[in-house]
Amino acid sequence: MRLSVILGYLKPYTKHCIMAPLFKFIEAVLELFLPLVMANVIDKGAARGDAGYVLGMGAVMLLIVTVGLGCSLVCQYMASVASQGFGTVLRNAVFERINRLSHAQIDRLGIPSLINRVTGDTQQLQYAVAMLLRLVVRAPFLCIGGIIMALTIDPGLSLVVIAAIPLFLIVIILVMRLTVRLHRTVQNRLDKLTLILRENLSGVRVIRAFTRTKQEQKRFSASVDQHTQASLGAGVLSALLNPATQLIMNAAIVAIVWFGGIRVNAGGMSTGEVIAFINYVNMILLALMVVSNLVITFTKAYTSAGRVAEVLATQPAVSDSQHLVENPSSKAPAVAFSHVYFSYNDNQNDQYDLTDIIAVIPKGATVGVIGGTGAGKSTLMNLIMRFFDVQSGEVQVDGINVTHYPLETLRSKIGLVPQKSELFSATIAQNIRWGKPDASDQEVRNAAAAAQALEFIERQPDGFDAMVERGGANLSGGQKQRLSIARALVRRPEILILDDASSALDYATDAALRRSIRAMSKAREITIFMVSQRVGTIQHADMILVMDDGYLKGVGTHQQLLASCEVYREICSVQLS
Amino acid sequence: MKNSGFTRLLRSLAKYRLLIIGMLLSSAVGNTMLLLAPRHIAKAIDLIAPLNGDYSLLLQELVILGALYVSGGIFTWLSMVLANSAANRTVRDLRNQLFEKLARLPLGYFDNNPRGDMISRFTNDINAISDGLNQGVIQLVSGIITVVLSLVFMLTLNPYVTLVAVFVMPISFLIGFSITKYGKSKFKEQSRVLGQLNGYAEETISSHHTVKAFGYEKAADTRFGEINRQLYECGYRAQFASALVNPSTRFVNNIAYVLVGVLGIIAVLRNTLTVGGVAGFLTYTAQFSKPFNEITAVTMQLQLAMASARRVFGLLDEEELRQSTVSENLPGGLGLVEFKDVCFSYQPETPLIKNLNLSVRPGETIAIVGPTGAGKTTLVNLLMRFYEIDSGSILIDGEDITSLTRESLRRSFGMVLQDTWLFSGTVRDNIAYGKPKATDIEIEQAARAAHAHSFIRRLPDGYNTPITEDGGNLSQGQKQLLTIARAMLLDPPMLILDEATSSVDIVTEIRIQRAFRKLMQGKTTFIIAHRLSTIRDADRILVLNQGDVVEQGSHSELLGLGGFYSRLYQSQFAPSE
């Protein structure tokens with residue numbers, strides 16, 4: 001099942017996949033043919049004493065050898081193209097699927113594991129395909145050819161060969177079964193090891209600040225030991241394969257000499273035939289050995305296939321609708337929550353992270369969202385973006401249920417400035433253009449200016465072309481946040497979500513930012529959500545949502561809430577004292 | 001430094017020379033037995049003809065044969081297990097060495113290098129080395145042993161035949177070698193692009209929140225597809241190059257086979273050789289060249305391993321931090337901090353901090369304020385010696401910090417960073433991060449003091465709740481509370497708080513500040529914060545702008561000054577409309 005999913009990605013290379021084994025087959029036939037021609041030349045040439053014949057046949061044989069080389073090269077080329085191409089297509093597919101999984105699904109599968117799957121596992125599969133195409137035809141061909149030859153010499157004695165082959169296969173399957181399991185353990189432990197490594201790379205400052213380097217080394221080393229133990233176990237088992245299979249075939253040879261000896265004495269067979277028999281057994285043995293060597297490659301690939309197929313089989317939890325059926329109404333509220341219940345876990349005991357949220361946000365409103373840590377402010381915003389689907393109730397944007405939108409259409413309406421500014425290794429301009437890939441230079445500049453980022457950008461030696469290092473490491477927290485804001489502004493969103501967006505900004509910048517956003521929303525109807533813990537940031541909003549422990553505790557203006565909302569009063573009394 | 005990858009890999013292997021010697025011995029014994037077997041088969045066959053019903057001699061020969069096969073098999077298995085063991089242990093050491101190296105790298109290295117590429121060195125590259133050592137070396141060794149032994153056997157039979165076979169060897173070796181050389185550059189390229197691809201996958205998958213918010217999935221797919229396409233281009237060429245080796249050497253051997261046959265028969269016609277002699281010739285030519293084919297066949301794996309080894313050793317060769325070896329403990333532990341003429345820049349061409357002078361009395365609370373990019377975080381980086389200053393000196397209790405070990409310096413600071421970093425472990429483990437031996441009571445006290453206790457108790461397993469990578473299952477504020485609890489538990493003589501309270505709601509923040517004030521008593525504290533309350537309570541405010549201390553003093557003093565600070569402060573209350 002999972003193999004068929006994976007092998008489906010070979011389809012574009014069907015032609016190559018037929019050609020490679022075909023040419024390998026021709027080469028194998030020629031390889032079998034050569035000794036026969038040689039035997040013929042020895043017999044006839046020596047008997048006739050015809051040197052010209054011998055030289056002529058010599059030329060023919062050289063031709064055979066050359067054609068063999070040609071076939072082999074074609075096979076190798078086809079196999080290289082097909083396997084590398086297959087790997088490329090598969091990698092793209094896995095990467096694209098990962099990009100479409102929901103936050104929850106990515107957390108479940110684990111980021112390091114996903115990275116390993118898109119890189120290491122696909123590489124393993126690609127290697128297996130290359131080996132398959134190169135060697136898969138040759139082995140059965142030599143095997144079957146050998147058996148037929150044996151049968152023509154002495155059907156009785158070939159029973160030995162025919163008995164040995166199933167035994168051989170049983171050993172292969174047994175070892176394969178066991179090693180598949182062990183390889184999975186090895187792979188899982190590698191994921192564990194990668195996790196620790198990733199944590200150490202991302203937390204390098206904290207680890208050094210807390211002088212925990214030694215302990216981290218111990219933790220990593222323990223994980224490496226576990227991985228080594230698993231690989232050693234797998235190694236001991238898979239090393240059995242070669243000697244065990246060889247032993248079976250050698251036992252067959254001993255049996256052939258013994259029973260052959262008896263038959264020769266009974267007069268049913270010649271010594272020369274016994275020798276020929278042994279040669280064929282050797283040929284079969286060599287062919288099967290190649291197969292058993294590949295078994296290790298294939299068991300690893302099988303494990304990888306499972307891991308890759310798991311990703312491909314994971315259907316994005318947030319399913320996308322193809323096109324918008326209804327027409328958004330210009331009169332509808334920008335966002336509406338009706339009886340929204342939501343929980344991050346699929347718990348059944350009525351514990352919700354958001355409980356019965358009802359709110360209607362008119363177009364063009366500036367909405368403050370306030371509440372304590374874990375009150376559900378960001379969660380509420382995530383539902384508008386449809387990062388998660390509600391358990392019950394409905395979230396509407398422009399009067400249409402968010403689940404009815406194609407995700408791209410929905411999210412293109414929204415500009416999000418998340419709490420944590422994630423930037424990418426590219427230039428500043430490219431980072432801002434994330435919000436709108438076709439934005440003109442002027443648009444990028446305007447967005448940067450509105451986000452109060454222009455000044456520091458222009459201080460950079462390369463201005464907008466200055467490189468942002470991975471994760472924005474060469475920028476300060478505030479600079480990152482301003483670029484993140486510019487990135488959201490450049491798309492000229494209908495809905496702007498500032499999720500605690502000014503936390504890393506100083507007063508002056510924050511105030512200037514708020515002024516420029518307000519100016520923008522006056523020029524064009526933008527609905528703005530300002531998630532904050534500071535009353536000062538949101539007190540002038542048209543509408544304030546007060547969140548507390550997953551409940552919407554109050555909706556209204558600053559003055560209205562001061563009069564009506566206990567939670568809001570509490571917050572204000574602390575902050576505005 | 002040519003071939004350094006190879007010799008250094010050998011040096012890493014040297015530690016396991018006993019395993020390797022064992023591997024060589026058992027491989028030699030095993031192969032000798034398996035090579036002796038054909039001679040006994042020949043003997044047994046010779047015994048068949050004059051048998052006359054007496055099977056005892058034949059039986060005796062077959063028992064010897066059986067014993068050779070069984071013990072040969074056991075020794076072959078043993079040699080593979082030993083090779084596997086040596087390879088796995090060597091890469092375990094390499095992984096640990098790499099990890100320990102990370103601890104000695106300057107922080108700038110982590111900021112400037114893609115994480116995925118570093119992870120790739122730990123996983124893909126190390127795996128390639130392991131495969132190369134394991135399969136490559138074992139085949140190389142058994143191949144060489146087979147060649148040497150068959151050479152010995154051949155010499156005992158006929159020195160002239162041996163000469164012909166020996167003549168073929170260098171030609172096929174030369175071909176293999178030159179193709180290998182061509183493939184090398186391709187493999188290097190492939191390795192590089194693969195690292196790039198992994199880096200991109202890592203960056204995209206770990207920033208999946210932002211990718212989704214901006215509907216960047218398709219653009220990411222395209223970029224990944226581009227790198228993937230490059231990988232395809234150099235990948236299939238590299239693969240084809242290494243796949244050329246096998247057919248080419250086989251071609252040379254086949255030509256030798258034909259030439260030996262034809263020349264042999266001509267010799268028969270001239271009565272200088274018997275027909276049986278020709279048959280012997282041919283058998284040995286085939287047998288002798290077989291290991292050479294195998295050896296060249298493993299070159300692909302060895303090449304990959306070498307390319308990977310270069311990358312692994314490349315990381316190990318990165319320039320390290322200067323290690324100071326002087327005093328282990330801070331004298332006095334007073335907390336007197338002085339900056340004298342400190343200059344620093346991240347990039348030489350853009351100086352950031354110029355001639356900074358600052359003296360902080362023990363127990364003083366210093367609030368560092370200033371616009372974004374003024375150098376606030378940099379000051380902390382220097383104090384903790386995450387980065388080294390370019391000139392000047394930083395003194396703690398009169399000791400130059402470069403004369404202290406980094407560990408003892410950092411142990412005397414408690415730190416809460418802007419980026420909350422948690423590792424996968426339980427809540428308890430995360431709090432006890434700086435003090436692994438802390439008792440449950442101490443941990444709970446710290447959690448209570450940081451106001452984290454109540455939310456921890458609400459978690460499914462309380463303090464034993466596992467935290468997924470980077471705290472994915474906690475809110476930003478909850479993460480921050482945990483990192484604060486972590487610093488609480490440590491109770492160090494000095495504190496660094498880097499925007500530590502920016503994501504915690506104001507009610508909690510007030511409580512935390514109260515707890516901090518208790519903790520801060522008698523301790524030198526540096527706070528980078530944007531909150532008025534934090535700043536107002538500080539003993540001294542340090543106003544930074546573009547790397548310089550532009551003003552310092554208490555809140556009221558600075559307001560009275562009517563300068564930079566006062567403008568900064570006023571802007572918080574800038575008219576909202």
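# Packing, interface and buried sites in a predicted two-chain model

Leaving out residues up to four places away in sequence, B:Ala485 touches B:Ile431, B:Ala446, B:Ala447, B:Ala450 and B:Ala452. The model in which these contacts occur is predicted. B:Ala485 is found in helix H16 of chain B, which spans residues 476-490. Because 30 C-beta neighbours lie inside 10 Å of B:Ala485, and 20 are enough for the class, this residue counts as buried. The C-alpha atoms of B:Ala485 and B:Ala449 are separated by 7.2 Å, although the two residues are 36 residues apart along the chain.

Helix H14 of chain B covers residues 440-449. The buried residues in H14(B) are B:Ile443, B:Glu444, B:Ala446, B:Ala447 and B:Ala449. Two of these, B:Ala446 and B:Ala447, are also among the residues touched by B:Ala485. Just after H14(B), B:His451 takes a positive phi of about 60°.

A positive phi also follows helix H11 of chain B: B:Arg385 has a value near 60°. H11(B) runs over residues 376-383, and 7 of its 8 residues are buried, so this helix is largely enclosed by the rest of the structure. The buried residues of H11(B) are B:Lys376, B:Thr378, B:Leu379, B:Val380, B:Asn381, B:Leu382 and B:Leu383.

A further buried site lies in a loop. B:Gly335 is placed between helix H10 (299-316) and strand E1 (337-344) of chain B. It counts as buried because it has 23 C-beta neighbours inside 10 Å. Residues up to four places away in sequence aside, B:Gly335 touches B:Pro362, B:Gly363, B:Pro493, B:Met494, B:Lys523 and B:Thr524. The last of these, B:Thr524, is 189 residues from B:Gly335 along the chain, yet their C-alpha atoms are separated by 5.5 Å.

**Chain composition**

Chain A contains 20 helices and 12 strands, and chain B likewise has 20 helices and 12 strands. Of the 577 residues of chain A, 51% count as buried; in chain B, buried residues make up 49% of the 577 residues. Among contacts in chain A with a separation of 6 or more, 78% join residues 24 or more positions apart. The corresponding share in chain B is 78%.

**Nonpolar cores**

In soluble globular proteins, nonpolar side chains tend to be buried together. The largest nonpolar core in this model has 178 residues. Those with the most contacts inside this core are A:Ala82, A:Ile432, A:Ala486 and A:Ile497. Helix H3 of chain A, residues 51-100, gives the most to the core, with 13 residues. For A:Ala82, the contacts beyond its neighbours within four places in sequence are A:Leu10, A:Tyr13, A:His16, A:Cys17, A:Ala20, A:Val129 and A:Leu133. Apart from the largest core lies another, of 73 residues, including B:Ile396, B:Met415, B:Leu490 and B:Leu495.

**Helix packing**

Two packed helices are described by the angle between their axes and the distance between the axes. Helix H9 of chain A (residues 213-266) takes part in both pairs tabulated here; its partners are helix H7 of chain A (residues 155-202) and helix H3 of chain B (residues 56-104).

| Helix pair | Angle | Axis distance |
|---|---|---|
| H7(A) and H9(A) | about 175° | 9 Å |
| H9(A) and H3(B) | roughly 165° | within 8 Å |

The angle within chain A makes H7(A) roughly antiparallel to H9(A). The residues of the contact of H7(A) with H9(A) comprise 29 nonpolar, 12 polar and 5 charged. Between the chains, the angle exceeds the 145 degrees that the class requires, and H9(A) and H3(B) are therefore roughly antiparallel to each other. Their crossing is right-handed. By class, the contact of H9(A) with H3(B) has 21 nonpolar, 17 polar and 4 charged residues.

**The contact between the chains**

How many residues does the contact take from chain A and from chain B? It takes 135 residues from chain A and 135 residues from chain B. On the side of chain B that touches chain A, helix H8 of chain B (residues 217-269) gives the most, with 27 residues. That side of chain B divides into 70 nonpolar, 45 polar and 20 charged residues.

Note on methods
Residues numbered from 1 in each chain as written. Chains lettered and ligands numbered in written order. Predicted model: local features only at pLDDT ≥ 70, side-chain atom pairs only at ≥ 80, totals over all residues. Axes fitted to C-alpha atoms, helices over the stretch in contact; angles between N-to-C directions. Helix = DSSP H or I, 4+ residues; strand = E, 2+ residues; numbered from the N terminus. Parallel < 35°, antiparallel > 145°, perpendicular 65-115°, else oblique. Nonpolar A, V, L, I, M, F, W, Y, C, P; charged D, E, K, R; others polar. Left-handed = near helix turned anticlockwise from the far one by under 90°. Contact = placed C-beta atoms within 7 Å. Core = buried A, V, L, I, M, F, W, Y, C linked by C-beta atoms within 7 Å. Buried ≥ 20, exposed ≤ 12 C-beta atoms within 10 Å, placed from the backbone.
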